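Reader: Could you walk me through this model, please? I would like to go from the overall picture down to single residues.

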Amino acid sequence: MQLPNYNLPYEILACDRSWETPNLLAVSTPRSLQLFSASDTTITPQSDLAIKPTGRVKIGTISDLSFGHQNFGRTLAASTINGSIHIYHFDRGNRPKTTLSGHNRSINAIDFSPAPAPHLLASASQDGRILIWDLRSSNNKPTNTIIGNADAVRAVQFHPQRGNFNLATVHDSGILQLWDLRKPLTPDRRINAHTGPALTLNWHPEQDYIITGGRDKQLQVWSTLNSNPIHVISTSGPISKARWCIGRGNNSILNTDIALSFYNDDPTVQIWSLRRKFIPKIVYQPHSATITQLLWRTPNNLISVSKDKSIVQCNVLQEPNFIDSLNASPFAWNPRNSIDFTFIHQNKSQFEEINNDEIFEPMNIYENGGKSPSTNSPPKFSQPQLSRQPSYHKTKTIHITPTSNITPSWITHVHIPLLSNDAERTSFLAANYLITVPPSADIISVCEYNSTLAAAANHFRDAKTWSTIATSLILEQELTESEQIYPERLGNFSFSQASSYASDEPEQSVQSEEQPQPLPLPSTPPALATSPRSQLTTLLQQPPSSPSPSLPPPLPLKTYPWTPTQLINQACEYSASQGDTLMCATLALLFMPTPSAEDWIHTYHEQLLQAGHFTAAAAVRRVAATAGLETLQVAAQTRTQVRIKPGTVKVLCAYCGEPCRGTSVTLLDCGHSGHFRCFRTWFVDEQQAECPFCGSEVV
């Protein structure tokens, strides 16, 4: 939907609406100050105010704008970053008629007092002071000075009904302060609102409530009677502007929408309702850069200005509800554990507004019919209390009790107990599995060695798989020496026996002259014995007897179900169905059986990095890059070459040889770790490109 907008040649820094002249807007840029007329469908320029008038006065960059009320409704105040305020009277021309000077640093916010004192103007500055100006005075000096908290004052606003006495401020320290102008030396209330700088505040137009927003990403709703927020909304970013909707609340805080924008580069506008449970009512993106101001022109039309040089007006009633675009059953995997996930089952009706009879009465400020009280009779008002919404952050099934007769939500945490994904055993196998064939060994020795490791880790299915593959490779090697298979040569020995053997006898393999000498592998655990492969070899090497005429003709080798290719493919498919990426990737690195091998290796590599097994990850990447896998080659080119990890395991520095205590740096290409200062000396100061321990090129 095309929104009414107007584009200016420069970034828009501030904007305000007139309270007395319908549809009148003031907009400032670094080089201009203009008035606009806004209707429901168009935004059109009306006049230009001179930013550099003749004479010695020079107006600086405008930081905030504020229109007056009642008989000051045709008055516009413009604050600047050099600490001055320029007052425009539109009935007397488009030139500034008065300049107010009193601040030493940039002014962050200004605000006119509403009735019964529309002649008062408050300014809040980086110098930590709040100055009160009386525009009826001719000496252009502040009538009152308030020193807030010795830190920068981010926002200031008069009370909408008691503007002659009360105002509120928020500060860089996150403090919300309420002031009585009759006692300017001490705040009436001092509340620690935010954990970071507070950036915005806004009084409710009809009730005695304040909303504040800050860099801690929280929108807080405060009552002047309580020291704790009555409602806290956690948003997606630091909040720069927050505004109550004017004229659409029916005297109820729960029915009043809240518009907010963000301090960072997020150009999103969010509309919140306190009736909703942690979900914004409307979300839309009218700009492409940071939003600098929000204001409600009418109860339905929200105007926003931005650094993208545009003014945009949106009819919020025509925007779709954000809840309609959400999935009723959200689902998410645990980023630290690939076999845990959480899902929420809920009904969208739970997030719709609930019609009830809890409607707040208009605020009765004074008991004497709205007249200003004397100094001996403080104002009295009553307001209902809101219950604070609870938060649920648990990792088990939670039953959320609803406030009405609707189906409750269920938050369920699920853990998939796969033995093959046990962290300790997986770490052992990842560090010890052979994924390449050493020069002095053969593939059969590698399979048998991996079978030994799998059995030591209590992965007996994987151990049988490796031994079965080794047996099939032996069988294929022996059968390639002859053209036919003679079943009588096997006698009563079946392949099922060869693939499921478990013997405590020592290895007695018969080596041929062409067969390379096996690699001296590390000693196996005491409880595990090496399985012999000489039984089948010796049986096959016996002289064949005369074939029986009744025997059928021999079959080609490729038709037998125990060929290595079929066994490896079936093992990979089964491991993939069980989520065992370790087994899939190891088989893929050794044999490259299927087109899915690249995906398995890539997933296995990412899991090793997440688990901190950098040495194993570096070995996987080297082998994959040698095999020509594009995914790992791209990852090797784009991934940063080092990774910082906390010192949970003591390792020796590859440069100085001393233990790495605390945080260490790991080279992803070779997996060696070291002190940050040592690697900085080696790679930066000495301009080296290889690992100081193994010589692998890493830069």
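Author: Gladly! This is a predicted model. Let us begin with a helix and the glycine that comes after: α9 is followed by Gly612, whose phi is positive, near 85°.

Reader: Thanks! What do the end C-alpha atoms of α9 say about its span?

Author: Helix α9 covers residues 597-611, which is 15 residues. At 1.5 Å a residue, the expected span is 21 Å, and this agrees with the distance between the end C-alpha atoms, 21 Å.

Reader: Where around the axis do the buried residues of α9 sit?

Author: The buried residues here are Ala597, Trp600, Ile601, Tyr604, His605, Leu608 and Leu609. Their arc around the axis is only 165°, so they lie on the same side of α9. Exposed residues are found on the other side of α9, and these are Asp599 and Gln610.

Reader: Nice. Which elements help to cover the buried residues of α7?

Author: Helix α7 (residues 564-577) has 14 residues and reaches 20 Å from its first C-alpha to its last, close to the 20 Å expected. Its buried residues are Pro564, Leu567, Ile568, Ala571, Cys572 and Ser575. Because they cover an arc of only 130° around the axis, they are on the same side of α7. The cover over these buried residues includes α3 (460-479), α8 (581-591) and α9.

Reader: And which exposed residues does the face of α7 turned away from its buried side carry?

Author: A glycine with a positive phi follows this helix too: Gly579, near 75°. On the face turned away from the buried side, the exposed residues are Thr565, Glu573 and Ser577.

Reader: Is Glu448 buried or exposed?

Author: Glu448 belongs to helix α2 (residues 443-456). Its C-alpha atom is separated by 6.5 Å from that of Trp466, 18 residues apart along the chain. The cut-off for buried is under 20% relative accessible area. Glu448 has 13%, so it counts as buried.

Reader: Let us turn to the backbone. Which residues are joined by a cis peptide bond?

Author: Most peptide bonds are trans, so a cis one deserves a look. Omega is about 10° at this bond. Its proline is placed in the loop between β10 (107-112) and β11 (120-125). The two residues joined are Ala115 and Pro116.

Reader: What is the phi of Gln70?

Author: Most residues other than glycine have a negative phi. Gln70 lies in the loop between β6 (62-67) and β7 (75-80), and is partly exposed with a relative accessible area of 45%. Although not a glycine, Gln70 has a positive phi of about 55°.

Reader: And what is the relative accessible area of Asn140?

Author: Asn140 is in the loop between β12 (129-134) and β13 (144-147). Its phi is positive, near 55°, in a residue other than glycine. Asn140 is partly exposed, and its relative accessible area is 32%.

Reader: Which residues make the nonpolar surface patch of about 320 Å²?

Author: One member is Trp333, in strand β29 (residues 331-334). Trp333 is partly exposed, with a relative accessible area of 47%. The patch is made by Phe331, Trp333 and Phe343.

Reader: To finish, what percentage of the residues in the protein is buried?

Author: The protein has twelve helices and 35 strands. It exposes about 34600 Å², with carbon and sulfur atoms supplying 50% of that area. Of its 699 residues, the buried ones make up 47%.

Terms used
Residues are numbered from 1 along each chain as its sequence is written. This is a predicted model: local features need pLDDT of at least 70, side-chain atom pairs count only at pLDDT 80 or more; totals for chains, interfaces and linings use all residues. Side-chain values use heavy atoms; hydrogens and water are left out. Helices (H or I, at least four residues) and strands (E, at least two) are DSSP runs, numbered from the N terminus. Buried means under 20% relative accessible area, exposed over 50%, partly exposed in between (1.4 Å probe, protein chains only). Accessible areas come from the Shrake-Rupley method with a 1.4 Å probe; for residues, only the protein chains shown count as cover. The expected span of a helix is 1.5 Å times one less than its number of residues. The arc is that of the directions from the helix axis to the C-beta atoms. Patches are made of residues with over 30% relative accessible area and no salt bridge: like charges are joined within 9 Å, nonpolar side chains (Val, Leu, Ile, Met, Phe, Trp, Tyr) within 5 Å. A salt bridge is a side-chain nitrogen of Lys or Arg within 4 Å of a carboxyl oxygen of Asp or Glu. Contact means heavy atoms within 4.5 Å.
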